[in-house]
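Morning, everyone. I have one structure for you today. Let's put it on the screen.

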Amino acid sequence: MSTALRLDTGALPPVAGKVEPQGSLADFIWFRTGGPAEWLVRPDTVEALADLLATLDPQVPVLPVGVGSNLIVRDGGVPGVVVRLPKGVARVSVEPGNRVRAGAGAMGITVASGARDAGIAGLEFLRGIPGTVGGAVRMNAGAYGRDTSDILVEATVVTRQGAIETWPAARLGYTYRHSELPAGAVVVEAVFEGTPGDPAAIGAEMDRIAAEREASQPLRSRTGGSTFKNPDGHKAWALIDAAGCRGLRRGDAQVSEKHCNFLLNLGSASSAEIEALGEEVRARVKAHSGVELEWEIQRVGLAK
């Protein structure tokens with residue numbers, strides 16, 4: 001365990017929910033690495049989250065984390081408050097107008113399945129995104145030619161100041177794998193819109209996506225999903241492969257031999273080793289092709 005992190009303010013304001021000082025993130029982050037959260041908070045309700053953020057010292061950073069499927073938590077841990085939403089913020093319901101309302105804690109596959117059952121097409125690609133709705137909305141997650149920005153109508157967020165607001169999709173300022181959602185704001189709900197479709201055809205497309213992922217990605221490994229963004233006109237994995245990085249290792253961190261844009265923790269890799277391997281890949285690709293890869297995985301916290 002890394003040296004304990006401490007808030008200058010000493011303690012958190014009262015919050016309805018579970019509060020864990022030095023809360024482990026490696027227990028659930030997909031890489032299974034990294035230091036603790038200074039405070040790991042699981043509020044009971046959205047209102048409890050809003051109350052906490054409204055009374056929390058404005059200087060204290062806040063980081064919402066879903067299932068940690070696209071995240072490197074550095075070995076020194078994460079200062080401030082890490083928020084995990086309660087199970088109640090994972091409900092999915094169907095609304096008129098081919099719309100699906102989903103709590104930010106819902107997984108992409110759950111949303112896609114709900115849309116399929118209701119005969120709503122256009123959300124199938126969410127089957128290929130292994131994270132939560134909150135993360136997808138924040139980073140404009142995408143797969144198989146579609147992005148979250150293509151289907152999002154609006155998102156409900158709790159601002160860092162503790163206000164609960166509903167933002168139209170246009171306010172999020174979407175670009176490729178990026179939104180303008182401010183740091184510390186927490187997505188708590190989203191409304192998506194598709195088009196009328198045949199449930200059987202929608203299900204078949206979801207099955208195709210699942211089979212393609214199984215065949216091409218290291219789904220049963222400790223990984224963080226797609227590591228680098230696809231540069232304009234290129235596929236990141238192809239650039240990495242051409243630069244001779246397939247299978248490259250640093251300690252127990254490895255570039256996947258199955259899909260070069262995935263990094264793996266083979267067992268006892270540190271976050272520092274995983275991040276350093278990623279930087280080595282970036283350097284080799286730049287030297288080979290002249291293309292500078294940008295990280296898609298979010299890297300948070302302090303080096304040890």
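A polar contact here is a pair of N or O atoms within 3.5 Å; within protein, one of them must be able to donate a hydrogen and the other to accept it. Keep that in mind for the first stop. One caution before we start: this is a predicted model.

First stop, Glu38. This residue sits in strand β2, residues 37–43. Is Glu38 buried or exposed? It is buried, because its relative accessible area is 4%, and the cut-off for buried is under 20%. What does its side chain reach? The backbone nitrogen of Gly80, at 2.6 Å.

Next, Ala48. Look at helix α1, residues 46–55; Ala48 is in there. Its relative accessibility is 6%, so Ala48 counts as buried too. Leave out residues up to four places away in sequence, and Ala48 touches Val15, Ala16 and Pro43. Val157 is 109 residues away along the chain, and its C-alpha atom is separated from that of Ala48 by 13 Å.

Now the cores. The largest nonpolar core has 51 residues. Which residues have the most contacts inside it? Val81, Val111, Leu123, Val137, Leu152 and Phe192. Take Phe192. Setting aside neighbours within four places in sequence, its contacts include Val111, Leu123, Val137 and Leu152. Polar residues are on its contact list as well, among them Asn98, Arg99 and Thr148. Another core lies apart from that one, with 34 residues, including Leu248, Leu263, Ile274 and Leu293.

Val111 takes us to helix α2, residues 108–117. Buried in this helix are Gly108, Val111, Ala112, Ser113, Gly114 and Ala115. What do they pack against? Strands β6, β7, β8 and β13, plus helices α3 and α4. Just after α2 comes Gly119, with a positive phi of about 70°.

Last stop, a sheet. Four strands make an open sheet, ordered β15-β18-β17-β16, with antiparallel pairing. At the edges are β15, residues 222–223, and β16, residues 249–250; each pairs on one side only. Helix α6, residues 271–289, packs on this sheet and touches β16, β17 and β18. The direction of α6 makes about 30° with that of β17. Back to the β15 edge: two bridges join β15 to β18, residues 263–265. One residue to find there is Arg222, whose bridge partner in β18 is Asn265.

That's the tour. Questions, please.

Notes: Residues are numbered from 1 along each chain as its sequence is written. This is a predicted model: local features need pLDDT of at least 70, side-chain atom pairs count only at pLDDT 80 or more; totals for chains, interfaces and linings use all residues. Side-chain values use heavy atoms; hydrogens and water are left out. A nonpolar core is a set of buried Ala, Val, Leu, Ile, Met, Phe, Trp, Tyr and Cys residues joined through side-chain atoms within 4.5 Å. Buried means under 20% relative accessible area, exposed over 50%, partly exposed in between (1.4 Å probe, protein chains only). Contact means heavy atoms within 4.5 Å. Two strands pair if DSSP finds at least two bridges between them. Axes are lines fitted to C-alpha atoms, for helices over the stretch in contact, and angles run from 0 to 180 degrees between N-to-C directions.
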